[in-house]
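Hi,

Here is the structure I promised to pass on. Have a look at it first, and then read my notes below.

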Amino acid sequence: MARPLRIERAGGWYHVTARGNERKAIYRDDRDRHHFLELLGEMVEQFRVRVHGYVLMNNHYHLLAELREANLSRAMQWLHVSYSLWHNRRHGRSGHLFQGRFKSVVVSREGWGLELSRYLHLNPVRVQGLGLGKTERQRSRQGVNDTPTADLVRQRIGVLRRYRWSSYRAYIGLEAGPPWLERCEVLMLGGRAVEGRQQRYREYVEKAVREGLKISPWESVLDQVVLGSQEFLEKL
């Protein structure tokens, strides 16, 4: 099967993700995670990429990024090579750390920016142990969905708000977040009034924790590379 076309355009928004080789961990401890975020900050400065959201999981990561130049491949190659070399030296390993090349989808900012940021931030709670694993999400989309108990909802929200390796805590005001993180544009997509933006965003995300995320953005991807309307695809 041919690789999906890589579309790179200045001003474009992208969902970017990559997974560890053989689905193995790419972060073994917090020092690894800290260093990856440090490199991400360097990438922002060196390649003029804007990062609107991120989440680091054990064996993969997600970014919501915006390009100022058509240089996504160069930026991500730099990030992966820089982190892989550092990680291999630190842990005494060799070989590929990431599984193939990174994946990217062009995102319609107005149509999908807000919902994709929510999907990204919900990664830490979309797990079997919290009743939001793959099987439960499929049942929810089919309309076969058990109402979660109040205790389970509290557990989900607790995990989400405590998770240190995503931009969610910065979005809802629980921490400052890295200086390179862009939040204003996504928060504006949830309502232009400045007052209450963080609270509105928190309610928007945590509503899905209570009710389940019935629709996955990836069900709406066109031609494997675009998350947006047919008109948006044609303009690209």
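**Two loop arginines**

Arginine 48 sits in the loop between helix 1 and strand 2. Before I go on, please keep in mind that this is a predicted model. What caught my eye at arginine 48 is its phi, a positive value near 60° in a residue other than glycine. Most residues other than glycine have a negative phi. As for exposure, arginine 48 has a relative accessible area of 37%, so it counts as partly exposed.

There is another case of this kind. Arginine 23 also has a positive phi, about 60°, and is not a glycine either. You'll find arginine 23 in the loop between strand 1 and helix 1. Its relative accessible area is 55%, and because the cut-off for exposed is over 50%, arginine 23 is classed as exposed.

**The overall picture**

Now to the whole protein. There are 9 helices and 6 strands. The protein has 236 residues, and 50% of them are buried. If you take the contacts between residues at least 6 apart in sequence, 73% of them join residues at least 24 apart.

**The sheet**

How are the strands ordered in the sheet? The 6 strands make an open sheet that reads 2-3-1-4-6-5, with mixed pairing. Strand 2 (49–56) and strand 5 (221–222) are the edges; each has a single partner strand, so one side of each has no neighbour in the sheet.

Strand 1 (residues 13–19) is a good place to start looking. It is mostly covered, with 6 of its 7 residues buried. Strand 1 is joined to strand 3 (residues 60–67) by 7 bridges, and the two run antiparallel. To strand 4 (residues 103–107), strand 1 is joined by 5 bridges, again with the strands antiparallel. Valine 16 is a handy marker for both pairings: it stands opposite leucine 63 in strand 3, and its bridge partner in strand 4 is serine 104.

Over at the strand 5 edge, strand 5 pairs with strand 6 (residues 226–227) in the antiparallel sense, over 2 bridges. There, valine 221 stands opposite leucine 227 of strand 6.

Helices pack on this sheet too. Helix 1 lies across strand 2 and strand 3, and runs at about 165° to strand 2. Helix 3 (residues 109–121) packs on the sheet as well, touching strand 1, strand 2, strand 3, strand 4 and strand 6; its direction makes about 155° with that of strand 3.

**Helix 1 against helix 2**

Two packed helices are described by the angle between their axes and the distance between the axes. For helix 1 and helix 2 (residues 72–91), the axes come within 10 Å and cross at roughly 150°. The cut-off for roughly antiparallel is over 145 degrees, and therefore helix 1 and helix 2 count as roughly antiparallel to each other. Their crossing is right-handed. The residues making the contact include Arg31, His35, Phe36, Leu39 and Met43 from helix 1, and Met76, Leu79, Tyr83, Trp86 and Arg90 from helix 2. By type, the contact residues of this pair divide into 11 nonpolar, 5 polar and 5 charged.

Is histidine 35 buried or exposed? Histidine 35 belongs to helix 1 (residues 30–47), and its relative accessibility is 12%, so it counts as buried. Leaving aside residues up to four places away in sequence, histidine 35 touches Tyr83 and Trp86. Both of these partners are among the helix 2 residues in the contact described above.

**Helix 5 against helix 8**

The other helix pair I'd point you to is helix 5 (residues 150–162) and helix 8 (residues 197–211). Their axes come within 9 Å and cross at roughly 135°. Helix 5 and helix 8 are therefore oblique to each other. This crossing is right-handed. On the helix 5 side the contact is made by Val153, Arg156, Ile157, Leu160 and Arg161, and on the helix 8 side by Arg202, Val205, Glu206, Val209 and Arg210. These residues divide into 5 nonpolar, no polar and 5 charged.

That's what I have for now. Happy browsing!

Terms used. Residues are numbered from 1 along each chain as its sequence is written. This is a predicted model: local features need pLDDT of at least 70, side-chain atom pairs count only at pLDDT 80 or more; totals for chains, interfaces and linings use all residues. Side-chain values use heavy atoms; hydrogens and water are left out. Axes are lines fitted to C-alpha atoms, for helices over the stretch in contact, and angles run from 0 to 180 degrees between N-to-C directions. Helices (H or I, at least four residues) and strands (E, at least two) are DSSP runs, numbered from the N terminus. Angles under 35 degrees count as roughly parallel, over 145 as roughly antiparallel, 65 to 115 as roughly perpendicular and the rest as oblique. A crossing is left-handed if the near helix is turned anticlockwise from the far one by less than a right angle, and right-handed if clockwise. Contact means heavy atoms within 4.5 Å. Ala, Val, Leu, Ile, Met, Phe, Trp, Tyr, Cys and Pro count as nonpolar, Asp, Glu, Lys and Arg as charged, and the others, Gly among them, as polar. Buried means under 20% relative accessible area, exposed over 50%, partly exposed in between (1.4 Å probe, protein chains only). Two strands pair if DSSP finds at least two bridges between them.
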